[in-house]
Amino acid sequence: MPITAVIGCHWGDEGKGKVIHYLVQNGYDAVARFNGGPNSGHTIYDSQRRKIVLHVIPSGILYPYVRNIIGNGVALDPKLFLEEANSVRQTGSNLSNLYISDMCTVITPYHTAAERTSPKARKIGTTGRGMGSAYSSRTARITPLMAHFFGPRNILTELLEELDAELSVSERLTKLGESPLNASDIAESYSRMLGEFGNNVTDTMHLSNNILKENGRIAAEGAQASLLDRDHGTYPYVTSSNATVAGVPSGLGVPPKEITEVVGVMKAGYITRVGSGAFPTELGKEGDEKTESKLDSQEFDELSHNIRKGNASEREIGQYLRIAGNEYGASTGRPRRTGWPDLVATEYAHMLNRFDWLALTKLDVSDFIPEIPICTYYEENRRLSRRFSPLFLAQYPPFYEKRLSGWMSSTTDAREFDDLHEHAQELVEFWDQIAPAKIISVGPEREQTILRF
Ligand code: IMP
């Protein structure tokens with residue numbers, strides 16, 4: 001099993017970290033990131049339960065015997081990376097098991113300023129981390145890569161000046177009454193920041209292929225998820241990299257044939273989305289998540305009570321799932337939109353990735369929901385359709401053919417499939433029709449996991 005790809009099935013935040021943890025515990029030699037950048041946020045905990053939020057550093061970093069690779073397909077922002085690296089160092093890690101591609105894209109102040117001044121990026125609801133402009137300038141061949149920050153300073157300064165001119169960043173900033181950017185200052189400060197990681201920067205394409213040659217196993221850790229994929233997601237409300245399994249070979253520089261296993265990760269009883277874009281099974285309306293007030297514990301108890309009694313509106317169920325599932329972005333803190341499970345969207349993700357097995361996360365969040373409707377069709381021109389059309393999704397209302405009864409009891413102590421209430425088993429078995437659900441997560445702790453291998 002040379003490469004196992006761990007891929008989100010929907011719009012991200014599915015909880016891929018637990019799967020990576022499982023793989024690392026089961027003999028994987030490396031964890032590699034192949035796409036995305038500081039737009040993603042993966043939360044891990046060290047042995048003393050200290051919380052660490054990772055953005056580009058792979059989730060295996062706290063295992064000194066595991067190589068952690070930031071591939072050429074990743075976009076890295078040196079400023080944010082420095083903060084991230086420091087938070088990992090505080091756990092005692094010296095980062096000697098971190099390998100950064102000399103060909104990865106570097107996010108500079110030009111990219112973040114270009115995104116900040118782009119009305120389109122605001123409309124899409126991007127994370128504001130310069131992803132679109134970093135990846136597009138790489139595609140346009142106008143941006144320096146990691147290795148350039150370790151080369152002659154004058155060449156780097158020239159490359160940054162060209163980037164500035166191509167993106168018209170200083171021109172736009174001047175028009176807005178802001179100071180233009182200074183290429184030579186940026187070349188100096190960014191080279192200094194990255195210089196600290198000179199020992200970590202290397203040719204990760206050969207490294208990854210050598211691991212494979214020596215029969216090592218790599219877990220490819222996806223960021224974002226299938227429906228946010230640049231080429232196959234709900235365009236233009238997508239991210240700027242390939243978040244499906246298709247991103248692995250190009251983002252690591254490995255042959256596609258080396259990917260012998262694909263794992264789909266999804267929440268068992270609901271879906272989330274951050275930012276704008278169609279979401280057929282959304283509970284409540286887009287924007288509800290931004291306007292709702294924070295509930296104190298008494299108000300949350302009241303909401304939970306109404307949910308259990310079946311007296312809650314869709315909007316309230318959406319709010320309940322958001323709070324109970326702690327659905328707030330690890331990178332930006334933004335509240336996530338929540339919705340009912342969607343078989344059509346999941347089948348589409350399966351079509352793109354061909355999952356070998358699934359990991360179902362956060363089953364426990366649905367513990368006290370009396371009924372879980374599952375969208376099995378969309379209504380397309382008054383006909384039921386099983387086709388996920390990324391461009392026209394907003395026009396298709398969901399059709400809930402399947403309505404599973406809730407189990408109204410806690411799953412958090414379940415450790416075996418047989419410990420689950422039969423209705424919870426029914427939900428798991430419903431997803432088995434896509435691919436066998438082999439990991440079921442019933443809480444944030446590592447041991448709150450059911451394995452069905
Ligand atoms: P960008 O990746 O910052 O350009 O944002 C494009 C879209 O992808 C926006 O809707 C973001 O909210 C979404 N997005 C980006 N990264 C993540 C993630 O890690 N989880 C969930 N959504 C994400």
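This is a short talk about aromatic pairs, charged contacts and one strand in a predicted model.

Hi everyone, thanks for coming. Please keep in mind throughout that we are looking at a prediction. I'd like to start in the middle of the fold, with strand β14, and then move on to rings and charges.

Strand β14 covers residues 357-361, and five of its five residues are buried, so the strand is largely enclosed by the rest of the structure. Which way do the side chains of β14 point? Trp-357, Ala-359 and Thr-361 go one way, while Leu-358 and Leu-360 go the other way. You may remember the general pattern: in a regular strand, side chains alternate between the two faces of the sheet. Here, the residues pointing either way from β14 are all buried.

Now for the neighbours of β14. Strand β11, residues 259-267, is joined to β14 by five bridges, and the two run parallel. Strand β20, residues 437-441, also runs parallel to β14, with three bridges between them. If you want one residue to click on, try Ala-359. Its bridge partner in β11 is Val-265, and in β20 it stands opposite Ile-439.

Trp-357 of β14 brings us to the aromatics, since Trp-357 forms one aromatic cluster together with Tyr-22 and Phe-453.

How many aromatic pairs does the structure hold? The count is ten. Let me show you two of them. In the pair of Trp-11 and Phe-279, the ring centres are 5.2 Å apart and the planes sit at 55°, so this pair is tilted. What I like here is the distance along the chain, as these two residues are 268 residues apart. Trp-11 is in the loop between β1 and α1, and Phe-279 is in the loop between β12 and α11. Both partners are buried: Trp-11 has 3% relative accessibility, and Phe-279 has a relative accessible area of 7%.

The second pair is Tyr-63 with Tyr-65. Their ring centres are 6.0 Å apart, and with planes at 65° the pair is edge-to-face. Are these two tyrosines buried or exposed? Tyr-63 counts as buried because its relative accessibility is 12%, whereas Tyr-65 counts as exposed at 55%.

Rings can also have a charge for company in this model. The charged end of Arg-308 sits over the ring of Phe-368, 3.8 Å from the ring centre. Likewise, Arg-386 has its charged end over the ring of Tyr-377, at 5.0 Å from the centre.

That takes us to salt bridges. As a reminder, side chains of opposite charge can pair when their charged atoms come close. In this model the count comes to 21 salt bridges, and I'll walk you through a few.

Let's begin with Asp-46 and Arg-50, where the closest N and O atoms are 2.7 Å apart. Asp-46 is buried, with a relative accessible area of 7%, and Arg-50 is partly exposed at 36%.

Next come two salt bridges that reach helix α13, residues 314-324. Arg-315 in α13 meets Asp-288 in helix α11, 27 residues apart along the chain, with an N to O distance of 3.6 Å. Arg-315 is partly exposed, with a relative accessible area of 36%, while Asp-288 is buried at 6%. The other salt bridge joins Glu-292 and Arg-322 at 2.7 Å, N to O. Glu-292 is in the loop between α11 and α12, Arg-322 is in α13, and 30 residues separate the two. In this case both Glu-292 and Arg-322 are buried.

Some charged residues do not stop at a pair. Which residues are linked in a network of salt bridges? There we find Asp-13, Lys-267, Glu-327, Arg-336 and Lys-362.

Let me finish on the surface. Tyr-235, Leu-391 and Phe-392 form a nonpolar patch there, with about 350 Å² of accessible area together. Phe-392 is in the loop between β17 and β18, and with a relative accessible area of 42% it counts as partly exposed.

So that's our tour, from an enclosed strand to a nonpolar patch on the surface. Thanks for listening, and I'm happy to go back to any of these residues on the screen.

Methods
Residues numbered from 1 in each chain as written. Predicted model: local features only at pLDDT ≥ 70, side-chain atom pairs only at ≥ 80, totals over all residues. Heavy atoms only, no water. Phe/Tyr/Trp six-rings, centres within 6.5 Å; stacked < 30°, edge-to-face > 60°. Helix = DSSP H or I, 4+ residues; strand = E, 2+ residues; numbered from the N terminus. Buried < 20%, exposed > 50% of the residue type's maximum accessible area, 1.4 Å probe, protein only. Lys NZ or Arg CZ within 6 Å of the ring centre and 35° of its normal. Salt bridge = Lys/Arg side-chain N within 4 Å of Asp/Glu carboxyl O. Patch = residues over 30% accessible without salt bridge, like charges linked within 9 Å, V, L, I, M, F, W, Y side chains within 5 Å. Areas by Shrake-Rupley, 256 points an atom, 1.4 Å probe, with all protein chains shown as cover. Pairing = 2+ DSSP bridges.
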